[in-house]
Structure formats: C-alpha cells, structure tokens
Amino acid sequence: MQHPTSHAVNQVFPAHEAAPISPELAASVLPEELLHNDEVVMMLTKPSLWFLLLTSFRFILIVVLLCILAVKLFQMNESSALTPSAAGILAVLLALGRLIWALLVWTSHIYMLTNKRIVTIKGVINVRMVQAPLRKVQRTALYRPWLFRIFGIGTVGIATAATETFDATWLMIGRPLQTHEQIVAAINKVQ
C-alpha cells in the first residue's frame with residue numbers, strides 16, 4: 001500500500017528485532033501510567049536524526065539566500081549599517097535557532113508498538129497522544145518518496161477507519177520497511 005503521509009524518523013530501539021523491549025528500558029523512556037499491567041512493549045522508536053536537517057533545510061536555505069541578498073543590496077549603499085559579517089552572524093543565529101527547535105520537536109516524538117496498541121506521542125508545547133488498539137486498525141501505509149529513500153527513512157501511516165486520513169503517522173523513521181512489517185505482523189496476530 002502506498003499512501004502519502006507526512007515527514008521522517010530514526011530508530012531509538014531496533015525495530016527489526018522481534019523480542020519485546022525490557023520493562024526497565026520502557027519505564028525509563030515512557031511515563032509509568034502509560035502502560036497497562038499486561039501490556040508488552042514490542043517497539044519504541046523516534047524519527048531519524050535526519051529529521052533535524054530535513055525539516056530545517058528549507059528555512060535555513062531561505063535565511064542564507066536572504067542574507068546574501070541583503071549583503072548585496074546594502075553593499076550598494078556605502079553608509080549601510082549592515083556589514084557582511086553582521087549579516088552572516090544573524091543568518092547563523094537564525095539557522096541555529098531553527099535547528100534547536102527541530103531538536104525539541106524530535107525529542108518530543110515517541111512511537112510505541114505494544115502487543116495491544118499503537119501509541120504516538122508528539123508535541124513540544126501542546127503534547128498530543130494518539131492511541132489505536134491493534135484490533136481496530138483498518139489499514140497501514142508506508143510512504144517513501146525518493147528523498148526519503150536516499151536517506152533510508154520513511155513514514156508509516158496508521159488508520160482505524162476506512163478513510164483517506166491517518167489517525168497516527170510515524171514520521172521519518174529509520175528502517176521503515178522492517179518497522180512497517182513489524183506493525184503489520186502485530187496487527188495480524190491480534191486480528
């Protein structure tokens with residue numbers, strides 16, 4: 001199934017291993033009240049570290065181009081207060097700020113597959129958690145455009161209803177084929 005969804009992701013814990021995640025490791029990453037008593041964590045993952053660069057690239061490119069344009073325009077005016085070094089420092093600070101924001105977004109994303117449900121947690125300021133019982137999942141989709149394939153990442157969409165929208169998306173994850181296969185196997189086992 002090839003349906004487009006959103007961005008990209010990196011493995012914190014290997015998705016290709018069929019063995020469950022140890023309860024101690026899951027407890028160190030997840031809030032204690034998130035897991036139910038009889039639930040076993042099969043996979044914990046995050047977006048790929050490529051997420052930082054890929055989500056920031058367009059902003060940084062625009063900042064650099066605007067910096068170059070500003071320097072060219074202000075060089076025509078001899079009495080300009082904007083020097084090339086000041087413009088460069090401003091561009092670096094803006095790019096650094098965007099990368100820091102991308103890092104905050106990256107750290108806020110947690111994707112979890114248990115023996116009973118799929119959980120997606122994301123959000124820096126407004127944290128959003130989406131849970132889908134495996135028995136209610138209607139379809140999954142793996143989205144890997146050419147740019148994602150170059151970086152070895154992909155996005156997995158999970159839908160509990162037969163609609164075009166996905167309830168949850170695991171953005172820019174590393175090892176997307178293995179992750180998708182593991183999700184499908186867990187769904188098939190429950191259904």
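**Exercise 1. Find the aromatic pairs and classify two of them.**

How many aromatic pairs does a search of the whole structure find?

Step 1. The search of the whole structure gives three aromatic pairs. Rings of Phe, Tyr and Trp (its six-membered ring) pair if their centres lie within 6.5 Å; planes under 30 degrees apart are stacked, over 60 edge-to-face, and the rest tilted. This is a predicted model: local features need pLDDT of at least 70, side-chain atom pairs count only at pLDDT 80 or more, and totals for chains, interfaces and linings use all residues. Residues are numbered from 1 along each chain as its sequence is written, and side-chain values use heavy atoms, with hydrogens and water left out.

Step 2. Take Trp50 and Phe151. Their ring centres are 4.4 Å apart and their planes meet at 50°, so the pair is tilted.

Step 3. Place this pair in the chain. Trp50 belongs to helix H2 (residues 50-76) and Phe151 to helix H4 (residues 146-151), so named because helices (H or I, at least four residues) and strands (E, at least two) are DSSP runs numbered from the N terminus. The pair links distant parts of the chain, 101 residues apart.

Step 4. Check exposure. Buried means under 20% relative accessible area, exposed over 50%, and partly exposed in between (1.4 Å probe, protein chains only). Trp50 has 37%, so it is partly exposed. Phe151 has 24% and is also partly exposed.

Step 5. Now take Tyr143 and Phe148. This pair is edge-to-face, with 6.2 Å centre to centre and 70° between the planes. Tyr143 is partly exposed at 24%, whereas Phe148 is buried at 8%.

**Exercise 2. Describe the geometry and packing of H2.**

Where is the kink in H2 centred?

Step 1. Compare spans. The expected span of a helix is 1.5 Å times one less than its number of residues. The 27 residues of H2 should span 39 Å, and the end C-alpha atoms are 39 Å apart, so the two agree.

Step 2. Look for a bend, the angle between axes fitted to the seven residues ending at a residue and the seven starting there. H2 has a kink of about 50°, centred on Phe57.

Step 3. List the buried positions. Among them are Phe51, Leu52, Val63, Cys67 and Val71. The buried residues of H2 pack against helix H3 (84-108) and S7.

Step 4. Zoom in on Val63. Val63 is buried, with a relative accessible area of 11%. Not counting residues up to four places away in sequence, Val63 touches Ala91 and Leu94 (contact means heavy atoms within 4.5 Å).

**Exercise 3. Map the largest nonpolar core.**

Which elements give two or more residues to this core?

Step 1. Define the set. A nonpolar core is a set of buried Ala, Val, Leu, Ile, Met, Phe, Trp, Tyr and Cys residues joined through side-chain atoms within 4.5 Å.

Step 2. Size the core. The largest one has 17 residues; Leu113, Ile118, Val156, Trp170 and Ile183 have the most contacts inside it.

Step 3. Assign the elements. Two or more residues come from each of strand S1 (41-45), strand S2 (110-114), strand S6 (153-159), strand S7 (168-174) and helix H5 (176-190).

Step 4. Separate the other core. Another core, of ten residues, lies apart from it, including Ala26, Leu34, Leu44 and Ile110.

Step 5. Trace Leu113. Leaving aside neighbours within four places in sequence, the contacts of Leu113 include Val41, Met43, Ile118, Trp170 and Ile183.
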